[in-house]
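This report describes one protein chain from its coordinates. It goes from accessibility and overall make-up to cores, salt bridges, a pocket and some single residues.

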Amino acid sequence: MKTTVKSKLISYVVAAVLILFCLFPIYWMLITSLKTSTEIYKIIPTFWPKKLTFEGYQELFLETGYIRNVINSLFVSLVVSFGSIAVSMPAAYAIARIKFRGRRHLSKGILISYLMPRTVLFIPLYLLVTQLGLSNNLWGLILVYPTITIPYATWMMISYFQGIPYDIEEAAIIDGCSRVQAMWKVCFPLARSGVVSTLIFSYTLCWSEYLYALVIINKAEFKTIPLALADMVVGDVYAWGPLMGGSLIASVPVVILYLLFNRNMVSGITAGGVKG
């Protein structure tokens, strides 16, 4: 009995330490955004502002176009993530369920295309976007970002579909469903948790992407959050107040998504680890 109590106590202490370790960067962003510039640059750091100030947020919202940058990131991330899921679901289903020559090679090719470094691709993609007249345009990002999200989403959902017993789908086909109906009415609903987790990860990939946005977007009104935060660093001068405030605001939508769909993500990731 004592051993059980001790093991639970140790597990709680370890969990508390890990939670504090994970939350400390967010806490540090918060208190830094509320400090004065003098206090931020002190040699000995303070763990709570001696004088609370909202100068950093005033500069962020009044002197920069950060609100516009947030809207740009939301628009691009939502369009690309939902569009990628719409393309990846039937593609992953076909690879997981339909037997055809070269299926395994196609699956491996999708993984390799996702793992390919972006530094190799950004020049040809920039040339493509420029020739289409979409540079300095959010639709240029919407055209390019699926090269990241579609291979990732397809590869992940292949595992989810392989984890669904084929007998269920076969029973639906025997009852009169076509292959397409079985896919939409049986397979896709059963893979819902995996689809939600893949959607959130795809959204996060777009939300935090920097390299392609840096190459394609130059105008301030079309910049996304990573570019806007990078612009706050001029030479060796760091506007720590606005920078930390902007970083904190940028993390809020992603944190909300993870909190709202935490159960779906855990079950989705677990389902993705099972292969039939």
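A residue is called buried when its relative accessible area is under 20%, exposed when that area is over 50%, and partly exposed in between, using a 1.4 Å probe and protein chains only. T64 is partly exposed, because its relative accessible area is 33%.

The model is predicted, and local features need pLDDT of at least 70, side-chain atom pairs count only at pLDDT 80 or more, and totals for chains, interfaces and linings use all residues. Residues are numbered from 1 along each chain as its sequence is written, and side-chain values use heavy atoms, with hydrogens and water left out.

**Overall make-up**

The chain has 15 helices and 2 strands. These elements are DSSP runs numbered from the N terminus, helices being H or I runs of at least four residues and strands E runs of at least two. Along the principal axes, the C-alpha atoms fill a box of roughly 75 × 70 × 30 Å. Of the 276 residues in the chain, 38% are buried. A contact requires heavy atoms within 4.5 Å. Among contacts with a separation of 6 or more, 73% are between residues 24 or more positions apart.

**Nonpolar cores**

A nonpolar core is a set of buried Ala, Val, Leu, Ile, Met, Phe, Trp, Tyr and Cys residues joined through side-chain atoms within 4.5 Å. In soluble globular proteins, nonpolar side chains tend to be buried together. The largest core here has 19 residues, and the members that touch the most others are I85, M89, Y93, M157, F161, F188 and V195. Two or more residues come from each of α4 (66–97), α8, α10 (179–190) and α11 (192–207). Helix α4 gives the largest share, 6 residues. A second core, separate from this one, has 17 residues, including Y57, W207, L229 and M232.

Within the largest core, which residues does M89 contact beyond its neighbours within four places in sequence? They are M157, F161, F188 and V195.

**Salt bridges**

A salt bridge places a side-chain nitrogen of Lys or Arg within 4 Å of a carboxyl oxygen of Asp or Glu. The structure holds 3 of them.

| Pair | N to O distance |
|---|---|
| E169 and R97 | 2.9 Å |
| E209 and R118 | 3.7 Å |
| K223 and D231 | 2.7 Å |

The salt bridge between E169 and R97 links helix α9 (residues 166–174) to helix α4 across 72 residues of sequence. Both E169 and R97 are buried.

The salt bridge between E209 and R118 also links distant parts of the chain, with E209 in the loop between α11 and α12 and R118 in helix α6 (residues 118–131), 91 residues apart. E209 counts as buried because its relative accessible area is 1%. R118 has a relative accessible area of 29%, so R118 is partly exposed.

In the third pair, K223 is buried because its relative accessibility is 15%. D231 is partly exposed, with a relative accessibility of 44%.

**Largest pocket**

A pocket is found on a 1 Å grid over the protein atoms alone: it is an open set of points where a 1.4 Å probe fits, with protein on both sides within 12 Å along at least five of seven lines, and lining residues have an atom within 4 Å of a point. Grid points are joined across faces, edges and corners, and the volume is the space filled by probe spheres set on the points. The largest pocket holds about 240 Å³ of space. Its lining has 10 residues, and those nearest its centre are I95, R104, S107, I158 and Q162. Helices α5 (103–115) and α8 (146–162) are the elements that each give two or more residues to this lining.

**Single residues in loops**

T224 is in the loop between α12 (211–216) and α13 (225–231). Is T224 buried or exposed? T224 is buried, because its relative accessibility is 4%. Leaving out residues up to four places away in sequence, T224 touches N69, S73, L141 and A213.

T64 lies in the loop between α3 (55–62) and α4. The C-alpha atoms of T64 and A171 are 59 Å apart in space, with their positions 107 residues apart in sequence. G176 lies in the loop between α9 and α10 and is exposed at 58% relative accessibility.

N136 is in the loop between α6 and α7 (138–144). The phi of N136 is near 55°, a positive value in a residue other than glycine. Most residues other than glycine have a negative phi.
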